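Student: Can we go through this protein together? I'd like to know how the labels people put on a structure get decided.

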Amino acid sequence: MALVDEKAMNTADVTAEERVKQLENWLPITGSRKAKWWYSAFHNHTAMVGAGVLSLPIAMARMGWGPGVVVLILSWLITLFTLWQMVEMHEMVPGKRFDRYHELGQHVFGEKLGLYIVVPQQLMVQVGTCIAYMITGGHSMQKVHDTLCTNCPAFRSSWWIVIFAAFNFLLCHLPNFNSISAVSFSACVMSILYSTIAWGASLGRGVQSGVSYAIKANSPAAATFNFFTSLGDIAFAYAGHSVALEIQATIPSTPEKPSKGPMWKGVIWAYIGVFICYFPVALLGYYVFGNSVADNVLVGLEHPRWLIVVANIFVVIHVVGGYQVYAMAVFDILETFLVVKLKFPPSSLLRFVTRNLFVVLTMMVAIVIPFFSSLLGFLGGFAFAPASYFLPCVMWLKLYKPKPFSLSWTVNWACIVLGVLLMTLSPIGALRNIILSAKDYKFFS
């Protein structure tokens, strides 16, 4: 879905080049290249930290202390390594920037194959995350209402998802990535705050009487499948790679000062934030509640009421910002396709209709699908693992061709093997949980 391929760029006349430049200036990813390094920090943090952090304690309960801690640490290290690779590959060709994940894929695998490999994975991550955020935002708003007004009539979850969608209807019309910077920064701050509340309030409750750290399962088979599901939950927590190149595209670049410098500085700070959010929530949430911890750790916290209300409000603000970060990348793909392939003229009307329809679509799917934890596990393994854990390694091996059995070659292949195992195993456990719980689902609830 690149606007024009490299051969076309070399032979295009000036008018065609101007049209391409005008279109790039209109599209949301490349419309503004004035971002600073700290934009990279909070955009990447907002993209990475999200609904998945609140499911990490239940993932620990399904894996146990040893495997759980190992998987958490490995995931943090592997995804930081693969994100570094993407930052480096953004401008690996002199004079050219791969502003979108699929553009890098096309350079590595070819124009058509690159699209077929990258775009489906990327869209599953981005659209899947937006749907999950719709569900999380609606449920958190419902939790605020139910906590503040215990005697009020109960509203169905679907109504809260519609209310949450209303905020995104308004914000989705911000034109480009840099225009959502304030929203993204707010989301970044909120994620740190509600994560701190989650582990702080858990610790304040103290270790529960009769707490057990035995694997949460009724049988060895169930323990195995739950372990697989938890792998997907953790993979979901590292979904930010699908928008990494798009974030880097907003940073100015010159031969003297390439964008990878400020981008990598921002990534380091973002991953420090990820560590601060993920590890205390996962480890302390499991330490306090053991294998009785709720799917969403905030759901299991009832007191003090005001603090739980504040935490859920922070969650709502964060997932609004996270939704916009992922949606902006989807808008770029959709608007490129409509203008380049279907020949629609770029206009405010096209943008208005396209973006509203996307918000409606994600809202409707969120209303129809009544499950949360299993959905994260399924998407986390099937779609998120390739984009974050091993596809950058495949691209790196193909482009740089390190010597067999060298350090670079060994590390990349280790990441690929672990990533493929994650992609293969985690959807199995999640799909089993969905099937077993299907009888209790109430669609449009």
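Tutor: Sure, we'll take a few labels in turn and set each value against its cut-off.

Student: What makes some parts of this model more trustworthy than others?

Tutor: This is a predicted model, and pLDDT is the predictor's confidence on a scale from 0 to 100. The chain's mean is 86, with 91% of residues at 70 or more. Confidence is highest in helix α11 (residues 244-248), at 94, and lowest in helix α1 (residues 6-11), at a mean of 43.

Student: Where does pLDDT stay under 50?

Tutor: Over residues 1-12, for which the model has 23 contacts beyond four places in sequence. Where pLDDT is low, the predicted coordinates should not be read in detail.

Student: Why is L301 called buried?

Tutor: Buried means under 20% relative accessible area. L301 has 0% relative accessibility, so it counts as buried. This residue sits in the loop between α12 (260-289) and α13.

Student: Which residues is L301 in contact with?

Tutor: Leaving aside neighbours within four places in sequence, they are K143, A198, A201, S202, R205, F289 and I308. Take S202: it is 99 residues from L301 along the chain, yet their C-alpha atoms are separated by 7.3 Å.

Student: Why are α3 and α13 called roughly perpendicular?

Tutor: The label covers angles of 65 to 115 degrees. Helix α3 (residues 37-48) and α13 pack at about 105°, with axes 9 Å apart. That angle falls inside the range, so roughly perpendicular is the right label.

Student: Which residues meet where α3 and α13 pack?

Tutor: From α3 you have H43, T46, A47 and M48, and from α13 there are H318, G321, G322, V325 and Y326.

Student: How do you know how the span of α9 compares with the expected one?

Tutor: Helix α9 (residues 181-205) has 25 residues, and at 1.5 Å a residue you'd expect 36 Å. From first C-alpha to last it reaches 36 Å, close to that expected value. Just after α9, G206 takes a positive phi of about 80°.

Student: What makes a set of residues a nonpolar core?

Tutor: They must be buried nonpolar residues joined through side-chain atoms within 4.5 Å. The largest core here has 112 residues, and M134, I234, Y238, Y278 and M395 touch the most other members. Helix α13 (residues 305-341) gives the largest share, 16 residues. A second, separate core of seven residues includes W26, L338, V339 and V340.

Student: What does M395 touch?

Tutor: Not counting residues up to four places away, M395 touches M89, Y101, L104, G105, V108, F109 and V118.

How values were computed: Residues are numbered from 1 along each chain as its sequence is written. Side-chain values use heavy atoms; hydrogens and water are left out. Helices (H or I, at least four residues) and strands (E, at least two) are DSSP runs, numbered from the N terminus. The expected span of a helix is 1.5 Å times one less than its number of residues. Contact means heavy atoms within 4.5 Å. Buried means under 20% relative accessible area, exposed over 50%, partly exposed in between (1.4 Å probe, protein chains only). Axes are lines fitted to C-alpha atoms, for helices over the stretch in contact, and angles run from 0 to 180 degrees between N-to-C directions. Angles under 35 degrees count as roughly parallel, over 145 as roughly antiparallel, 65 to 115 as roughly perpendicular and the rest as oblique.
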